[in-house]
Amino acid sequence: MASTDRAAALRQYCHADCRFEVFHPFNTLVGIEVAEAAFWKPLKASFPDHEHRIAFTIAGEYEGRDMVSTLGQVMGTFDEPWIGIPPTRG
């Protein structure tokens, strides 16, 4: 997915100020622009052919807020350093 497509999808399906609770070192990212710049864009740069396979999706209301959670795996060729990890090219 191209960066512009990904950003458009985030804008279409997420509130502008939504919270992304991501694994460390990303932790809490607030807003789709922040999530795109801090997480998605670097992920795509390091794994240009990545495929995100979602195994489970849970959605509903929690503490008065709409929540969505997914569990899955990301697979792809590790071409560039990511979060301080050198690429394996595999």
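Good morning. Let me begin with a definition: helices, of at least four residues, and strands, of at least two, are runs assigned by DSSP and numbered from the N terminus. With that term in hand, we can place a residue such as Glu63, which sits in the loop between strands S3 and S4. I shall return to Glu63 later. Please keep in mind throughout that we are looking at a predicted model.

Let us start with the overall layout. The protein chain contains 2 helices and 4 strands. Following the sequence from its beginning, we meet them in the pattern α-β-β-α-β-β. The C-alpha trace spans about 45 × 25 × 25 Å along its principal axes. How much of the chain counts as buried? The figure is 21% of the 90 residues.

I turn now to strands S3 and S4. Strand S3 covers residues 51-62 and strand S4 covers residues 65-75; the two run antiparallel and are joined by 11 bridges. Two pairs may help you to find the register in the structure. Ala59 of S3 faces Val68 in S4, and Glu61 has Asp66 of S4 as its bridge partner. The strands form a hairpin, with 2 residues between them. How many of the 12 residues of S3 are buried? The count is 0, and S3 is therefore described as hardly covered, given that buried means under 20% relative accessible area.

The turn of this hairpin brings us back to Glu63. Its phi is near 50°, which is a positive value in a residue other than glycine. Is Glu63 buried or exposed? Its relative accessible area is 60%, and the cut-off for exposed is over 50%, so Glu63 counts as exposed. Glu63 also forms a salt bridge with Arg65, in which the closest N and O atoms are 3.9 Å apart. Arg65, for its part, is partly exposed, at 39% relative accessible area. A positive phi also appears at Arg89, where the value is near 60° and the residue is again not glycine. Arg89 belongs to the segment after S4 and is exposed, with a relative accessible area of 54%.

Next, the salt bridges. The whole structure holds 4 of them, including the Glu63 and Arg65 pair just described. Another joins the side chains of Glu36 and Arg6, at 3.0 Å from N to O. Why does this pair deserve a closer look? Glu36 lies in helix H2 and Arg6 in helix H1, so the salt bridge ties together parts that are 30 residues apart in sequence. Both of these residues are buried. A further salt bridge links Arg19 to Glu21, with 2.3 Å between the closest N and O atoms. Glu21 is exposed, with a relative accessible area of 53%.

Let us move to the loop between strand S1, residues 19-21, and strand S2, residues 28-30, where we find Phe23. Phe23 has a relative accessible area of 43%, which makes it partly exposed. Together with Ile83 and Ile85, Phe23 makes a nonpolar surface patch of about 260 Å². Pro25 is found in this loop between S1 and S2 as well. The peptide bond leading from His24 to Pro25 is cis, with omega near 15°.

My last topic is the empty space. Rolling a probe the size of a water molecule over the atoms shows where such space remains. The largest pocket here has a volume of about 1,700 Å³. Its lining comprises 40 residues, and those nearest its centre are Phe20, Trp40, Val68, Ser69 and Thr70. Which elements supply at least two residues each to this lining? They are helix H1 (3-13), S1, helix H2 (32-46), S3 and S4. The greatest contribution is made by S4, with 11 residues. One of the residues near the centre, Val68, is already familiar to us as the partner standing opposite Ala59.

To close, let me recall a few points. S3 and S4 form an antiparallel pair with 11 bridges, a salt bridge connects Glu36 with Arg6, and S4 gives the most to the lining of the largest pocket. Thank you for your attention.

Conventions:
Residues are numbered from 1 along each chain as its sequence is written. This is a predicted model: local features need pLDDT of at least 70, side-chain atom pairs count only at pLDDT 80 or more; totals for chains, interfaces and linings use all residues. Side-chain values use heavy atoms; hydrogens and water are left out. Buried means under 20% relative accessible area, exposed over 50%, partly exposed in between (1.4 Å probe, protein chains only). Two strands pair if DSSP finds at least two bridges between them. Patches are made of residues with over 30% relative accessible area and no salt bridge: like charges are joined within 9 Å, nonpolar side chains (Val, Leu, Ile, Met, Phe, Trp, Tyr) within 5 Å. Accessible areas come from the Shrake-Rupley method with a 1.4 Å probe; for residues, only the protein chains shown count as cover. On a 1 Å grid over the protein atoms alone, a cavity is a set of points where a 1.4 Å probe fits but cannot get out, and a pocket is an open set with protein on both sides within 12 Å along at least five of seven lines; lining residues have an atom within 4 Å of a point. Grid points are joined across faces, edges and corners, and a volume is the space filled by probe spheres set on the points.
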